[in-house]
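Reader: I would like to go through this model with you and ask where its labels come from. Shall we look at it together?

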Amino acid sequence: MTFDHGHNGNGADVVPAVRMVGIVKRFPGVVANDGVNLEVRAGEIHALLGENGAGKSTLMNILAGIYRPDEGQIYIHGRLADIRSPRDAIRLGIGMVHQHFMLVETLSVAENIILGLERPRLRLNMSHIEEEITELSRHYGLQVDPRAYIWQLSVGEQQRVEILKALYRGADILIMDEPTAVLTPQEANDLGRTLRRMAGEGKAIIFITHKLDEVAAFSDRVTVLRKGRVIATMPTAQTNKAELARLMVGREVLFRLEKEPARLGDVMLELRDVHVLNDKGLPALRGVSLEIRAGEILGIAGVAGNGQRELAEVVTGLRPVTSGRLLIRGRDVTNYSPREAIQAGVSHVPGDRLGMGLVPNLPVSDNVILKGYRKPPLSQGPFLDRHAVVRFAQDLIQRFRIDTPSHTTPVRLLSGGNLQRCILAREIVAGRGLLVAVHPTRGLDVGATEAVQRMLLEQRARGAAILLISEDLEELLALSDRIAVMYEGEVLGIVPAEEADVESIGLMMAGSRATAVAGG
Amino acid sequence: MSLALLASILAVTIRAGTSLLYATIGEILTERSGILNLGLEGIMLMGAMSAFAAAYHSGSLWVGVMTAMAVGGALALIHAFLSITLRADQVVSGLSLTIFGAGLSSFLGQRLGPDSKPLVGLIGPQFERLPLPGLSGIPFLGESFFRQDLLVYLMYLLVPLVWYFLYRTRPGLHLRAVGENPRTADAMGINVLGARYLYTVLGGMLVGLGGAHLSLAYTPGWTDNLTGGRGWIAIALVIFAMWDPLRAVVGAVLFGGINAVQFRMQAAGTTIPAAFLNMLPYVFTVVVLVVITWWEAFRKRVGAPAALGVPYMREEWH
C-alpha cells in the first residue's frame with residue numbers, strides 16, 4: 001500500500017486551496033472547534049486525524065457549509081469566503097463525501113448527481129446527463145450505472161456516486177469523511193488510487209480518519225486534532241504511527257492487548273446449516289455452520305450487510321430461521337423467542353446502542369434492570385422493589401465504573417463509552433456465559449475502546465463464549481481466537497487469529513474463498 | 001345498460017371527481033415535500049364558502065375562484081408555519097385546521113350574505129357547462145368528457161402538467177428529494193424549508209380550488225358541511241394514488257364514480273346501503289396501505305415520501 005508522495009505544489013509560497021483561521025464552533029455544552037487553523041494545498045492529500053469527538057467532522061461540515069462557525073475566517077484560493085450554506089460551498093468548488101452518504105434512495109444515480117444544480121433550468125434531459133456521468137466515471141475509474149437506483153447499490157458503489165457527485169459539480173476541493181469505514185481493504189486501495197489521481201490533477205483532497213495506517217498509506221500531509229484543537233500539522237513522511245497516536249490521544253498508546261492463551265471448554269453455541277431471510281425477504285444467511293466453545297472469542301469479519309446483523313439476531317432470538325438448527329449447550333433452541341434467549345443466558349450487546357440496547361429517556365437504573373426485573377430480588381410478583389433496584393444499579397455503576405451523575409440520569413445524556421458500560425453491565429450480570437457483541441467499540445474513543453475490549457477479554461478468561469461481530473479488522477485480530485469471514489450470507493472461511501492477516505481476510509471479505517489464501 | 005346512460009354516468013363521475021382531484025393533487029404536492037396536511041376538509045370547506053360568498057357579491061366567478069385559492073393558501077400557510085418553522089406535530093396541526101375550517105366556514109356562512117344574513121339558500125353565479133366546439137361532437141367521449149365546465153377542463157391540463165413537473169423537471173426532482181431525504185437535499189444546496197413552505201401553500205391553494213368547484217359548479221350554493229368528507233377522501237386518495245398524479249386520476253374517477261352511482265342506485269331502489277358505498281374509498285385505502293407496507297421494494301419505488309411528517313432542522317449535534 002504505497003503511493004507516490006510527490007505533488008504539484010512546491011511549498012509554502014503557493015496560495016493554499018483552503019485556509020481556515022481561528023475557527024470556533026460551539027454546540028450546547030460542547031466546544032467542538034476551539035480556534036482551529038488548517039491549511040490545505042492544491043494537489044495534496046491531507047489527512048485530518050483525530051479521535052471521535054475531536055472535531056474533525058464539525059470542522060469539515062463548516063467548510064462544506066452545513067454548519068456556520070461562531071468565529072474565524074475561511075480563505076479559498078486566497079480569497080476570503082463567506083460560506084453560508086452548502087450551495088455557497090459548492091459554488092466555491094468544495095465537495096464533501098459524508099460518512100453517512102447524502103443520497104436519496106428512491107432516486108437514480110444520475111438524478112442524485114444533478115440534485116441541487118442550477119443547470120438545466122427546467123427540463124431534465126436525463127440521457128445526456130447519463131452520458132456525461134459515464135464519461136466522468138470512466139476517467140476516474142469509478143464504475144457505476146447512472147440509471148440504477150441508489151437503494152439497489154452496494155455501499156462501495158454508493159460511495160462512488162458521492163465522489164462523482166462532487167466531481168460533476170467541478171469540485172477542486174474534495175472532503176472525504178472516514179471514507180474507508182465501509183470498504184474492504186481492496187476497495188480502500190482502489191479509492192486511494194482514485195484520490196491520488198485527483199490530487200495529481202491539482203485537486204486538494206482532505207480526508208478525515210482515525211486510522212493511523214490510512215494516514216501513512218494515503219496522505220502527503222497530516223493535521224492532528226484533539227479536543228477541538230490542532231495539535232500538529234506535518235508531512236506524513238516525517239512522522240510515524242507511534243508519534244501520531246501519541247499526538248492524537250495525548251498519551252502513549254499500547255498497540256497490543258494482553259491476551260491469555262485460550263482455555264477451551266465445552267461447545268456453548270452451535271449453528272448447523274442455518275438459513276435466514278432479511279427484512280426484505282431475501283436470503284441473508286445461506287447455510288451458516290459454526291460453533292463456539294466456552295473461553296473462546298469467535299470474530300466475524302465482513303463488509304457491512306453480508307449477514308452479520310442477521311447472524312446476531314438469530315442467536316439472540318430476534319429472527320427466525322427458515323431452515324437449520326441452533327443449539328445452546330447442546331440443547332436445540334431453534335427459533336426460540338428473545339425471552340427464551342434471555343432465559344438461556346444469552347447476553348446481547350447490540351450494534352445500535354441507543355436504539356436496541358437502551359431506552360434513551362429512562363434512567364440508568366431502569367436500563368440496567370431490563371433483563372432481571374422479572375425475578376426477585378428486583379421484583380415481588382408484579383411489583384418492582386424500588387429499593388432493590390437502586391441498590392442493584394448503584395452496585396453495577398460502581399463495579400463497571402459507569403461515569404454518571406446518578407442512577408436517575410437518563411442514559412441518553414451519557415457518552416458512548418458509558419452507554420456501552422451500561423449495556424455490558426446489564427448483559428454480563430444477566431448472562432450465563434454466552435455473549436453476542438455487535439460492533440462493541442464502534443464510535444468509541446481510544447480509552448473507552450480499550451475498556452470495552454478488556455471487559456470482553458475478562459469474560460473470555462472467565463469461560464464465556466463470545467460471538468464478536470466487528471468492522472474493525474485490527475480489533476478482530478487482537479481479540480479473537482478464530483475469525484470467520486462472511487460474504488453474502490455464507491462463511492467463506494474460519495481462520496485462527498494468529499495465522500490470519502489483514503490481507504487474506506480482506507480478500508475473503510471481497511468474496512474469494514479461503515482456499516485462495518490457504519497457508520497465508 | 002345503454003351507451004348513452006354510460007356516457008352520462010361517466011360525465012357525472014368526472015364532475016364529482018374534479019373537486020376530489022384538485023384536493024388530491026394539492027395534497028400530493030404538499031406531501032411530496034414532506035409535509036402532511038390533514039387540514040384538507042377544513043381548507044376545502046373554507047374554499048367552498050369563500051368562493052361562493054365572493055362570487056355572489058362580486059358577480060364574478062373568477063373572483064370567487066381566486067378568493068378560494070387565496071383562502072386555501074392562507075390556511076395552508078398557518079399549517080406551514082406551525083409544522084415547518086415551529087416544528088409542531090403535523091397531525092395535531094392538521095386536525096386543528098380541519099376543525100377550525102369547519103367551524104369558521106359555518107360561522108361565516110351565517111353572516112356573509114347580504115345585510116349580514118346567511119349565505120345558505122342563496123343562488124349565485126355558477127360555472128355552466130361549456131361544450132367544446134368540435135370535441136363535444138365525438139360520440140360517447142364528447143358526451144362524457146367535453147360537455148363539462150371550465151374548472152374540469154382546467155383539471156385536464158393540470159394533471160399532466162403536474163406529472164411532467166414532478167418527474168421531468170429540475171424543480172420537480174428537488175421536490176421529490178426534499179420529501180424523501182431533506183438532509184441530503186439541504187447538503188446539495190436545495191432550500192428545504194422554502195420548498196416546504198412553497199408546496200404546502202400551493203397545495204392549499206389547489207385544495208381551496210377544489211372547494212370552489214363544489215360551491216360554484218358541482219353543487220352550486222352554500223350549506224354547512226358542503227364537502228361532506230371529501231377532504232378526508234382526498235387524503236385517502238393520496239395514499240391510494242401512491243403519491244402519483246396520474247394514479248390519482250384513477251382514484252378520483254373511481255371514488256367520484258361511487259358518489260355518482262350511489263344516487264342513481266338509491267333512485268333505482270337498490271338494497272345496497274349508501275353507507276356501504278361511502279365506506280369503499282377507505283377500504284381501498286387500507287388495502288393499498290397494507291400492500292405498500294408489506295412490500296419493501298415496492299415502497300422504495302412508489303411509497304410514501306420517506307420524510308413525510310418529519311420536521312427538518314439543519315444543525316443537530318451528533
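Reader: What domains does the assignment give for chain A?

Author: Glad to start there. This is a predicted model, in which local features need pLDDT of at least 70, side-chain atom pairs count only at pLDDT 80 or more, and totals for chains, interfaces and linings use all residues. Residues are numbered from 1 along each chain as its sequence is written, and chains are lettered from A and ligands numbered from 1 in the order in which they are written. The assignment splits chain A into domain 1 (18–249) and domain 2 (267–345 + 431–517); such bounds come from an automatic or database domain assignment. Between the C-alpha centres of domain 1 and domain 2 of chain A there are 33 Å.

Reader: How many residues of each domain of chain A take part in the contact?

Author: Domain 1 of chain A brings 9 residues and domain 2 of chain A brings 11 residues, where a contact needs C-beta atoms, placed from the backbone, within 7 Å. On the side of domain 1 that touches domain 2 in chain A, the classes are 4 nonpolar, 4 polar and 1 charged. Here Ala, Val, Leu, Ile, Met, Phe, Trp, Tyr, Cys and Pro count as nonpolar, Asp, Glu, Lys and Arg as charged, and the others, Gly among them, as polar.

Reader: And how many residues of chain A are in contact with chain B?

Author: There, 26 residues of chain A meet 21 residues of chain B. Helix α2 (residues 86–91) of chain A gives the most to the chain A side, with 3 residues. Helices (H or I, at least four residues) and strands (E, at least two) are DSSP runs, numbered from the N terminus. By class, that side of chain A holds 16 nonpolar, 3 polar and 7 charged residues.

Reader: What makes helix α10 of chain B "mostly covered"?

Author: A residue is buried if 20 or more other C-beta atoms lie within 10 Å of its own, exposed if 12 or fewer, and partly exposed in between, with C-beta atoms placed from the backbone. In helix α10 (residues 230–240) of chain B, 9 of the 11 residues are buried, so the helix is called mostly covered. Among the buried ones are B:Arg230, B:Ile233, B:Leu237 and B:Phe240. After α10(B) comes B:Met242, with a positive phi near 50 degrees.

Reader: Why does the radius of gyration of chain A agree with a compact globule?

Author: The radius is taken over C-alpha atoms, and the globule rule is 2.2 Å times the number of residues to the power 0.38. For 520 residues the rule gives a value near 24 Å and chain A has 25 Å, so the two agree. For chain B, with 318 residues, the rule gives a value near 20 Å and the chain has 20 Å, which agrees as well.

Reader: What makes strands β11 and β12 of chain A a pair?

Author: Two strands pair if DSSP finds at least two bridges between them. Strand β11 (residues 267–277) and strand β12 (residues 283–293) of chain A have 8 bridges in the antiparallel sense, so they count as paired. One of the bridges joins A:Glu270 to A:Glu291 in β12(A). The hairpin has 5 residues between the strands, and A:Gly281 there takes a positive phi near 80 degrees. β11(A) also pairs with strand β14 (residues 323–328) of chain A, antiparallel over 5 bridges, and A:Leu269 has A:Ile328 as its bridge partner in β14(A).

Key. Contact = placed C-beta atoms within 7 Å.
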